[in-house]
Every structure is written in C-alpha cells, then in structure tokens.
Amino acid sequence: MNGYGGSILRVNLSTGKITKEPTPLEMVRDFIGGRGFGAYLLYKEVPKGADPLGPENKLFISSGPLSGLMIPGAGKCDFTCKSPLTGGYASSSLGGLFTAEIKYAGLDSIILEGVSPRPVYLFIDNDMIELRDASRLWGRNTFAVEKELKEKLGEEFQIACIGPGGENGVLFAHVNHDYGRQAGRGGVGAVMGSKKVKAIAVHGTKSIHVADVTGYRQAGLTLFKACKDSEGLKPWQDYGTTIVVSWCDEVGALPTRNFSAGSFEGGKTLYGPYMREQIVITDKGCFGCPSPCGKYSRMKRYNTNVEGPEYETIGMLGSNLGIADIQDVAQANLLCDDWGIDTISAGGVIAWAMECYQKGILTKQDTGGLELNFGNVEATFNLIEKIAKREGFGALLAEGVKKAAKKIGKGSEKFAIQVKGLEQSAYATHNATAMLISYMTCDVGAHHNRAWAITYDLQVGRDRVVPEKVARVIWLQNFRPMFDVLGACRLQWVELGIDRDLYVPALEAVTGMRRTWEDLEKVGERIWNLTRLYWAREHEGFGREWDMPAPRFYEEPPKTGVTAGQITKFEDVNKLLDMYYEQRGWSSNGLPNPETLSRLGLSALAA
Amino acid sequence: MRLYAENSRCSGCRACLVACSLNIFTENNPKKAALSIISHFPAPGTFEVKVCTQCGECAQVCPTGAIKQNAKGAYHVDFSECNLCEACVPVCPEGVMYVRTELANTSWKCDLCGDCVAVCGTNVLRIGEIETVSAAAAA
C-alpha cells in the first residue's frame, strides 16, 4: 500500500504471541494514519471500563503515511491508549527518529496488549520480531537504557523506553526516545510499564513505496524550498519553541507560581536568546526537520546535558515554580526525562504542592521535611525523583494534580490547574478566551497543541466572547491534529508559515489518493467526535462539567503582571461552551448529536 | 566539485539521507544513502556528517571499472558493472563507499546530484570546488 508500511504488529504480552495483520483499507480510508489509527483502534478494541493499568488496556503506536519520507518534519509518532491519569482518551506525539524506523520495518502501527509476566523489551529488526528479557534493564533510567541497547544492538536501532516513572505507575509517566524526545502526556509510559515493557528497539531497512515517485519528489522538494525560503526559519532555528517565552511573559500568558499570574519578574533569564547564549550547544531536529526545535544544552553547573528545555518545560518547571535560573530549569528537565515523567504535568503538580505549602494546607510533616516554597530548586529536584519512585510525598503527586487535590481537600481543588484530570500546559488563561475554550475542550484534557489559539486572542481582542473565536478554535482542532494523523510536524505550517496546500500534492503522490484540506478537516472532525464519544463511554455522567476550567481563571484575577486585575467572567465561560457545543453539533451537555455522528460516518461505530 | 559538510550546523534530521536514496535508487530508504550522520549523544552532544570528497580512491581500485566520472566530474557507480568485490570499501577515507548486499546488488556512492543540499534546512551541506591541501591551508 503506497505510503504505508502495510502491516499492523500485534504483540500480546500475556501470551507472548506476536502476529502481523495487513493494515485495514477501511481504516486507511476513514482515519488515514497516526492519531487517527490510534483513536479508531482505542474505541474499537479496548473494552468499556477497562482498567487503564490492567491487561485490557492497549497501547497503540502509529506512524502516518508521510512518516519517514522526504517531507519536512516527517517524524511524528502517535501513542494512544486509555489514560491512567484521566480515565479518558490519551494521545501523545513523539518526535525524533522512531516513527520513520517503524515504517522502514514495514509497519504502520504496533499494538501492545495484555501484560507480560516479566520485564521484556520488544525487539524488531525488519521481520525478526521477538520479546526479549529486560530484567537487567528494569529499574534503570531512560538514558542508561537507551545507551545500553544502542551499544548492544547497533546505532541504527531506534529506542523508545520508559524510566522508573513508567515502571512505578506514575500516572503522567512518559516514553523517552533519542535522549530527549518524549511521548509525554497522559501517562502513556505508565501503560507501557503496566505491561512490563521496558523498551521497544526497532530497526528497518525496507524502502517505503509511493504511488508516483516523480510527483512525490517534486512535491517534497517544493515543501523543503518553501521552508528554506521562509523568513521565520532563522529565528526558529536559533531559538525553537523558546522564542515564545518573552512573548508570553509580555502578554501575561507565562504561567507563574501555579498560574496565579501570567508574567514572571524573573522571566528575562528564561528567554530564548538568553538560554541560547548561556547553555545551548547543538540544534537537534526530528526526522526530516528543516527547523529544529530541539536545543541541546549543557549545564556547566551540574556537568550534564539535556535536549531542551523547550517552551512548555520552561513555563512549567521555571516560572510556574518561581525558578528563574535557566540551568536549574534545564536540570529539572533532565531529571524528568531520565526518571521518565512528563515535565508539564510534573511542573503542574509540584506548583500545586508549593501553593498548598505556602497556604499552610500542606506542612513539612506532609512533605517529608521539604520546604516547598516557590523557587526552591533543591526541593524540586528531590520531588521529581520521589515522584518517579512513588516514594513518600512523591506517591501523592504521582497521582496527578486532580486526584492529589481530591485526597488533600481543604479547598486545594480550586487551584489544581487541570481540565479532565490533565495538568494544564504552559499558557495562563485568565484573559485569553480562545485559548481558554481550547483548553476546556481539548480531547485529552488541558493541552495546548490542538488549538494554539492564544495569538488569535491577541489579534481579535482577548476578552471578547464571540462566535468567530469559537469557530477559529474548532477549525484549529479539526485541522492541526491532522499533521499527527499524517505523521509529519505541524510547526512548518505554524511557525514557518508555509502554504498548507503544498501538502496536498505530496500526499496524493505518496498515497495515490487525492485529499484536499477540506477532506482532511472532515477526517479531523470525525476523530474529534469519536474521541468525545470515548470520553462519554468511559465516564458515567460525562458532559459539560468535564469541560470546566480551573476556577482560578474565572475567580482569581492575577495580582501582578500585565494581566493584573483581569479575569474571564464565569458567565462568559458558559457562553463559550454554549457556542462551542452548538457549532460542533453537540447537545447542550456537550455530547454529539445523532445527525452529527451520521454526517461524519460514525453512527455504526457509536452504536 | 565535491560535497562539503559543516558538522556544527547539523541537527541530525536525516532529510539528506532520504533525498540521497531517492536519487540513487529511486527509493525512500536512508540506509541506502551515500552520506552518513554519526550521532554523539548524550555526550558530547554533536553530530558528525560523513560525505564523499570525490578523491577517486575507489575508482582506482575498482577491478571492473564500474566507478566512473560523470559530467560533473563526480565518481559514481555504474550498477551494471559492479561485481560486489568490495575492494572500494576499505580504501574510502571517509567511510562513504557502500556495499550492503542485503539491501542492493551493487555498491553505491555519492554522484553529486545535490538533492541533499536542497533539503538541508540548516545549510550543513554545500557543493564547491575541490580545494587542494595547500589552498585549504592558505585559507
């Protein structure tokens, strides 16, 4: 099948049985690849009510039709499962070189199901596929595991592995790859750990066939040329995602001290240009990327290296914890990567604990002696390790901020900054209503990348609550995730501003099937609605209240910074939701109407 | 003319490798590229790019005369004449003369098509006149 590896690899960890199935044509037609495959397979194969960390849950790892090809940023790999953190849909995108290697091994998706009786790693060398003993690797941190497997198997192998966080069921554990790329969000690493899979090592030497090689080559070269001609290329190459730190600080979107403000007095020493000058040594790109976000850094003070920190990590482990030193933030980043936990959720849950401590809700007795004041670097480092080990106070935080707050109570639920149980990523939304509704309705919980609408807020008036804003968010939610479906990165469109229509002839030449962006957006809408159905299936009474943001964004205006005194009105939060549901074709309780499902061809699947 | 690489600019993305295999074999397969990227991670955290210098050592030892110069003056492999003897591989000073019989029934090397340069977003690669040792030292 042109553009595809052609096979789905199914690995039953309980029985050790490994099988290959042809990638179903119907799934290709309706869901295309990557995140689309994940959403479809999750809905279809994981039974209702499955324990996220039990044998019934599955981990779906999928490439897309553009993955591994001569297309800018064709290195996106989707990890989908039932989230142990939220109990709903988890889909996390991994960059680096992993997804390309899956394709060269002739695979589109890897399905991990069941639970292995002992620690294993999945070895894939083209058609030689087996589960191998990983008892010696169990308990070890991600960098050591990747290094050992590469030394043992060869540099051409690509490794994705979990750290102690994933082994110990930290609900926001990640999967790490290429010394610094992660499938970070929603606890996909905990699911891999629950199956006792320490790592996946993949090597492929097969060629990926395309429908029209001349047309594809031309379309690919045109895409690369557009990227290279872009005015945005140079600054993005220099700073990557850190380019937005200063902008967020200036517009009051930089999360500060558990999102109590949007500007940080220590922000300047976290800005991209300062970081570049102080610690960056190499640019590190994902597969086929002309504009590498990855900034590989050296922290002289700690005698360590890390890929990053990127914007989200700077926000969550920097300003949100009151930490202003870029080397400290980078070191915290490294510890999270190495121990196997998501930097965004870790920053969210530690910030919540710091606020609890400063308000007297938590004391030294609770924290195991740690003085959890904002800005305490040593305590932060200590907590990251404790969380990954589920040790002492770390065990509470390993549950994520929603469950931790429920357990502690005393009003701390109000400043647990999350939606649907997923810690909010690094945009403060006191007065940015498009970004707020984006977080409220995001398909995995409070994550930014489906609809990064904050610049639109600034363009059209940040406190305005108008249907156009909601329409913009819906359009972004249908369209942007399609890059995760195709297996290529969205940032060439977002940041370099290349014409998205350039992808259309490329996709057609690769797959032999013409799809316009209108067609692709419809697939995006189909996936969005299917994942909504999944949430409703897994949570009794799922509906409007699940879309509510943290009360901080409608009750507590920041006291400092450029958004001081600004807040979204509660009635506007509800107005946003009303508009959103109506435009989506959903009920007033936020569930897809039968006509909407029928229009998207989901009626049979939903029945 | 030959290919030059500036290691410090490389971000390890490998677009060049796919473009190369597409040119040489009309296939998407970085394992069949005629240049290579060596990653030195997690420390010291650098990439090293190996490219053909068009020194011609491979052509000199080829017993069948399969390695020939094209119009650009670049040495390339005439697949129909390669007998897979591998004499060319150990003499290549950069390690970019390839024989992998599990992948192809021929040796292969850089023919200076320039597609790697076209897709390299960080301008690691360029094609330039071959500098002699004395000229390079003077520069």
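**Strands, helices and two residues of chain A**

Strand β9 (residues 158-161) of chain A and strand β12 of chain A run antiparallel and are joined by 4 bridges, where two strands count as paired if DSSP finds at least two bridges between them, and where helices (H or I, at least four residues) and strands (E, at least two) are DSSP runs numbered from the N terminus. This is a predicted model, in which local features need pLDDT of at least 70 and side-chain atom pairs count only at pLDDT 80 or more, while totals for chains, interfaces and linings use all residues. Residues are numbered from 1 along each chain as its sequence is written, and chains are lettered from A and ligands numbered from 1 in the order in which they are written.

Within the pairing of β9(A) with β12(A), A:I159 stands opposite A:A201. Strand β7 (residues 120-125) of chain A also pairs with β12(A), but here in the parallel sense and over 6 bridges, with A:I200 of β12(A) as the bridge partner of A:L122. Strand β12(A) itself, which spans residues 197-203, is mostly covered, since 6 of its 7 residues are buried (20 or more other C-beta atoms within 10 Å; exposed at 12 or fewer, partly exposed in between; C-beta atoms placed from the backbone).

In terms of pLDDT, the predictor's confidence in each residue from 0 to 100, β12(A) has the highest mean in chain A, at 99, whereas helix α22 (residues 491-494) of chain A has the lowest, at 92. Chain A as a whole has a mean pLDDT of 97, with 100% of its residues at 70 or more, and chain B averages 95, with 95% of the residues scoring at least 70. For the complex, the predictor gives an ipTM of 0.95 and a pTM of 0.98.

Further along chain A, 3 strands form an open antiparallel sheet in the order β13-β14-β15. Its edge strands, each pairing on one side only, are β13 (280-284) and β15 (304-307) of chain A. Neighbouring strands of this sheet are turned by 20 degrees against each other on average, direction ignored. Strand β14 (residues 294-299) of chain A is joined to β15(A) by 4 bridges in the antiparallel sense, and A:S297 has A:V306 of β15(A) as its bridge partner. Helix α12 (residues 326-339) of chain A packs on the sheet, touching β14 and β15 of chain A, and its direction makes about 75 degrees with that of β15(A); axes are lines fitted to C-alpha atoms, for helices over the stretch in contact, and angles run from 0 to 180 degrees between N-to-C directions.

The same helix, α12(A), packs with helix α15 (residues 377-389) of chain A at an angle of about 10 degrees, with their axes 9 Å apart. The two helices, α12(A) and α15(A), are therefore roughly parallel to each other (under 35 degrees; over 145 is roughly antiparallel, 65 to 115 roughly perpendicular and the rest oblique). Among the residues that make this contact (C-beta atoms, placed from the backbone, within 7 Å) are A:L335 and A:W339 of α12(A) and A:F381 and A:I384 of α15(A).

Two single residues of chain A complete the picture. A:L397, in helix α16 (residues 393-397) of chain A, is buried because 28 other C-beta atoms lie within 10 Å. Not counting residues up to four places away in sequence, A:L397 touches A:V349, A:I350, A:A353, A:L383, A:I387 and A:A404. A:E508, in helix α23 (residues 503-511) of chain A, counts as partly exposed because it has 19 C-beta neighbours inside 10 Å. The C-alpha atoms of A:E508 and A:Y216 are 8.1 Å apart in space, although the two residues are 292 residues apart in sequence.

Technical notes: Two residues are in contact if their C-beta atoms, placed from the backbone, lie within 7 Å.
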